[in-house]
Number of protein chains: 2
Amino acid sequence: MTIRLLLADDQDLIRGALSALLELEEDFEVVASVGRGDQVADAAAEHRPDVALLDIEMPGLDGLAAAAVLAKRLPACRVVILTTFGRAGYLRRAMEAGAVGFVVKDAPPETLADAIRRVMAGQRVVDPALAAATLAAGESPLTARERDVLNATRSGAGVADIAARLYLSEGTVRNYLSAAIAKTATRNRAEALRVADERGWL
Amino acid sequence: MTIRLLLADDQDLIRGALSALLELEEDFEVVASVGRGDQVADAAAEHRPDVALLDIEMPGLDGLAAAAVLAKRLPACRVVILTTFGRAGYLRRAMEAGAVGFVVKDAPPETLADAIRRVMAGQRVVDPALAAATLAAGESPLTARERDVLNATRSGAGVADIAARLYLSEGTVRNYLSAAIAKTATRNRAEALRVADERGWL
DNA sequence: ACCTCGCCATGACATTTGTCAGGGTCCGGC
DNA sequence: GCCGGACCCTGACAAATGTCATGGCGAGGT
């Protein structure tokens, strides 16, 4: 009995390559392949895959959000997140979104097929080292507002811009930034943004 | 007559997948596959590929530097850069390093095989849209020092840290930063770094 | 009802960052 | 031989950023 797969990755070439890799296994069949997160649920509803392989960075809807939608609409379809970044926060959010597997793109090639079969057998599949890192990073101590403000600094915007965009006063924005800097134990926004990102606090 | 290929990409899974994709073509044979830039030249010397497919982001030596080494040691081996980022500066530097092809990872899957055959036929292969963008971005107006300083801000370090790391005075660092901000027509380091990155000026 | 806590805000302050106007060396090209 | 430009530095100033003390409002918990 063959395992039906759905593949979601925004890079066409990679998607094609993964498809080629997976089709080498006799018990796998790629039944759907999409390039946007917001096409995942529809494609899954139509082709009824056993396992969905989702990249995180995708236009439309990211892989984590797509996983959540999928878990709701087709609980029978198991979700494996397949991503470039072994970030702690990604793993936590993947689990919260109902994923049962998490594979990073620099794992050895056999890992993927292996993970898919294990997931089909009802197991959860996670790199142990990454799981440890995730626990170490802990829950995000940032409040929703602090997250918003920190995220808004991404483009390099100044306090005034952020205040305008979020309808806050400049003083308030500075406060949140200050709080975020304190909580990340850093010395300025740029650093705070970087470590919050790494820890998956955004 | 089959085309012998060398594959270099730091992500094992992707490398395996690309290999699977390429092996589907009867006239292709992947004769070597490495995960670090500094292994490219040796592997090529040993296996004599006709075409080397190099990712840019790699540990040891990046794909562009590896291309330059390869062009020197095995001029018969044609280089195709295969990268995630269609950044203008990457393309320019790839051409300067002696690459004859440039393919982005979100191109349609057939593109790759096509590019390889075209390159074997003596043609250069570049996405026209990207080529236009590269010309539009122009040469980098940044001096070597301005590049250094701007690059050093990546981690979010302050002026004092950078000054220490580069053995410059704080005033000088501020000057270079100021110059870089002016040349990118932005309003602070973060923005300057972002646009310089996009334009391939680093 | 009271307390806590997240959220919003203010104003004052120290520090950091960006700008400007200098002045110095060294090198390659006209 | 002189000029221009990359490179290094200083010091002074304005603007942006980060910190702190303080207070009001609303929601949830005891």
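**A walk along the two DNA strands**

The residues of the surface near DNA strand D split into four nonpolar, nine polar and three charged. Keep in mind that you're looking at a predicted model.

Start with DNA strand D. Select the 16 residues that surround it; the closest are A:S178, A:R189, B:T143, B:R145 and B:Y176. Of the strand D atoms that come within 4 Å of the protein, sugar and phosphate account for 67%.

Now colour by helix. α9 (170–184) of chain A, plus α7 (144–152) and α9 (170–184) of chain B, each supply at least two residues of this surface. The most comes from α9(B), with four residues.

Next, zoom in on single contacts. Pick B:S169: a polar side-chain atom there sits 2.9 Å from a phosphate oxygen of DNA strand D. For a base instead, go to B:N175, where a polar side-chain atom is 3.1 Å from a base oxygen of strand D. Over at A:V159, show the backbone, as one of its polar backbone atoms is 3.2 Å from a phosphate oxygen of strand D.

Then switch to DNA strand C. Here 17 residues surround the strand, and the closest are A:T143, A:R145, A:Y176, B:S178 and B:R189. Sugar or phosphate makes up 70% of the strand C atoms within 4 Å of the protein, with bases making up the rest. The helices to highlight are α7 (144–152) and α9 of chain A and α9 of chain B, each giving at least two residues.

Last stop: the strand C phosphates. Side-chain polar atoms of A:T143 and A:R145 lie 2.7 Å and 2.6 Å from phosphate oxygens, respectively. From chain B, a side-chain N or O atom of B:S178 is 2.6 Å from a phosphate oxygen of strand C.

Terms used: Residues numbered from 1 in each chain as written. Chains lettered and ligands numbered in written order. Predicted model: local features only at pLDDT ≥ 70, side-chain atom pairs only at ≥ 80, totals over all residues. Heavy atoms only, no water. Near = heavy atom within 4 Å. Polar contact = N/O pair within 3.5 Å; in protein donor to acceptor, adjacent residues only side chain to side chain. Nonpolar A, V, L, I, M, F, W, Y, C, P; charged D, E, K, R; others polar.
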